[in-house]
Amino acid sequence: MRVEVDQERCAGAGMCALTDPEVFDQDEVDGTVVLLEPSPSGEHRRTAREAAHLCPAGAIRVVE
């Protein structure tokens with residue numbers, strides 16, 4: 001599994017960082033998504049999928 005983010009598409013809602021702060025963070029300047037772990041393991045796989053589902057801008061993509 002691999003996680004990809006599109007910072008240009010990101011609206012800065014922060015749902016990803018709230019869902020899994022070990023995989024996602026937000027840029028301090030503009031609030032856009034920062035990917036901390038592109039290949040999450042264990043429970044973080046589930047939460048990365050959840051974050052992708054919750055993202056209002058569709059800026060997170062999970063590739064199986």
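This passage looks at one helix, a few of its residues, a nearby loop residue and an internal cavity in a predicted model.

A good place to start is helix α2, which covers residues 43–54. With twelve residues at 1.5 Å each, this helix should span 16 Å, and the C-alpha atoms at its ends are 17 Å apart, so the expected and computed values agree. Four residues of α2 are buried, namely Thr47, Ala48, Ala51 and Ala52. Viewed down the helix axis, these buried residues fall within an arc of 145°, and they therefore line one face of α2. The elements that cover them include the strands β1 (2–5), β2 (24–26) and β4 (60–63), together with helix α1 (15–19).

Two residues of this helix show how its surroundings vary. Ala52, in helix α2, has a relative accessibility of 18% and counts as buried because the cut-off for that class is under 20%. Setting aside neighbours within four places in sequence, Ala52 is in contact with Ile60 and Val62. Both of these contact partners fall within the range of β4 (60–63), one of the elements covering the buried residues of the helix. Ala52 can also be placed relative to Val5: the two are 47 residues apart in sequence, while their C-alpha atoms are 9.2 Å apart in space. Arg46 is also found in helix α2, but its relative accessible area is 44%, so this residue is partly exposed. From Arg46 to Gly12 the separation is 34 residues in sequence and 21 Å in space, C-alpha to C-alpha.

Beyond the helix, the chain enters the loop between α2 and β4, where Ala57 lies. Is Ala57 buried or exposed? With a relative accessible area of 17%, Ala57 is buried. Leaving out neighbours within four places in sequence, its contacts are Arg9, Cys10 and Ala11. Ala57 and Ala13 are 44 residues apart in sequence, with 8.5 Å between their C-alpha atoms.

Two of the residues just named, Cys10 and Ala13, appear again at the cavity. The structure holds one cavity of 30 Å³ or more, and the volume of the largest cavity is about 100 Å³. Its lining is made up of 15 residues, of which Cys10, Ala13, Gly14, Cys16 and Cys55 are the closest to the centre. What is the character of the residues in this lining? Eleven are nonpolar and four are polar, with no charged residue in the lining. Cys10 thus links two parts of this description, since Cys10 is in contact with Ala57 and is also among the residues closest to the centre of the cavity.

Terms used:
Residues are numbered from 1 along each chain as its sequence is written. This is a predicted model: local features need pLDDT of at least 70, side-chain atom pairs count only at pLDDT 80 or more; totals for chains, interfaces and linings use all residues. Side-chain values use heavy atoms; hydrogens and water are left out. On a 1 Å grid over the protein atoms alone, a cavity is a set of points where a 1.4 Å probe fits but cannot get out, and a pocket is an open set with protein on both sides within 12 Å along at least five of seven lines; lining residues have an atom within 4 Å of a point. Grid points are joined across faces, edges and corners, and a volume is the space filled by probe spheres set on the points. Ala, Val, Leu, Ile, Met, Phe, Trp, Tyr, Cys and Pro count as nonpolar, Asp, Glu, Lys and Arg as charged, and the others, Gly among them, as polar. Helices (H or I, at least four residues) and strands (E, at least two) are DSSP runs, numbered from the N terminus. The expected span of a helix is 1.5 Å times one less than its number of residues. Buried means under 20% relative accessible area, exposed over 50%, partly exposed in between (1.4 Å probe, protein chains only). The arc is that of the directions from the helix axis to the C-beta atoms. Contact means heavy atoms within 4.5 Å.
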